[in-house]
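Let's take a walk through this structure together. Have a look at it below, and then we'll go through a couple of its features.

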Amino acid sequence: DKLVTMSRGAPDDVYLLTQAFMFTRQHRRALHVLRQHRLATSSPRFTYLTAKCLAECQEWDECLATLDDTVLEHAAQEAAAEAAAAGGGKA
């Protein structure tokens, strides 16, 4: 906890802390830290940890919603990138 506080919530430090909580089976505490620092779905590694915490807490609907939202967001980003690449090539 102190490391995360001292680093002002640096993502790598939050990741290490949540992994430690997961290892000690403190899934709700890990989930709280991820949400507190607004990193729950900020990257694939945090999305995985969030989904794993939710699954371990048997919060199945929220786990699936987290994964679905992330997949949809990733697909939208890919489509936008492809559209930008296609539009950029015509100029």
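The lining of the largest pocket is mostly a matter of polar residues: seven are polar, three are nonpolar and one is charged. Keep in mind as you look around that this is a predicted model. The charged one is Glu73, and the nonpolar ones are Pro44, Leu67 and Val71. Among the polar residues of the lining you'll find Thr41, Ser42, Ser43 and Thr47, and also Thr70, His74 and Gln77. The space in this pocket comes to about 210 Å³.

Where do the lining residues come from? Two helices, H4 (44-56) and H5 (60-89), each supply at least two of them. Helix H5 gives the most, with six residues. If you want to find those on the model, Leu67, Thr70 and Val71 are lining residues that fall within H5, and so are Glu73, His74 and Gln77. From H4, Pro44 and Thr47 take part in the lining.

Now for the cysteines. How many disulfides does a search of the whole structure find? Zero. Take Cys53: the nearest cysteine sulfur belongs to Cys57 and is 6.5 Å away. A disulfide needs two cysteine sulfur atoms within 2.5 Å, so Cys53 is in no disulfide. Seen from the other side, Cys57 is in no disulfide either, with the sulfur of Cys53 as its nearest, 6.5 Å away.

Are these two cysteines buried or exposed? Cys53 has 0% relative accessibility, so this residue counts as buried. Cys57 counts as buried too, because its relative accessibility is 16%, and the cut-off for buried is under 20%.

Definitions and conventions. Residues are numbered from 1 along each chain as its sequence is written. This is a predicted model: local features need pLDDT of at least 70, side-chain atom pairs count only at pLDDT 80 or more; totals for chains, interfaces and linings use all residues. Side-chain values use heavy atoms; hydrogens and water are left out. On a 1 Å grid over the protein atoms alone, a cavity is a set of points where a 1.4 Å probe fits but cannot get out, and a pocket is an open set with protein on both sides within 12 Å along at least five of seven lines; lining residues have an atom within 4 Å of a point. Grid points are joined across faces, edges and corners, and a volume is the space filled by probe spheres set on the points. Helices (H or I, at least four residues) and strands (E, at least two) are DSSP runs, numbered from the N terminus. Buried means under 20% relative accessible area, exposed over 50%, partly exposed in between (1.4 Å probe, protein chains only).
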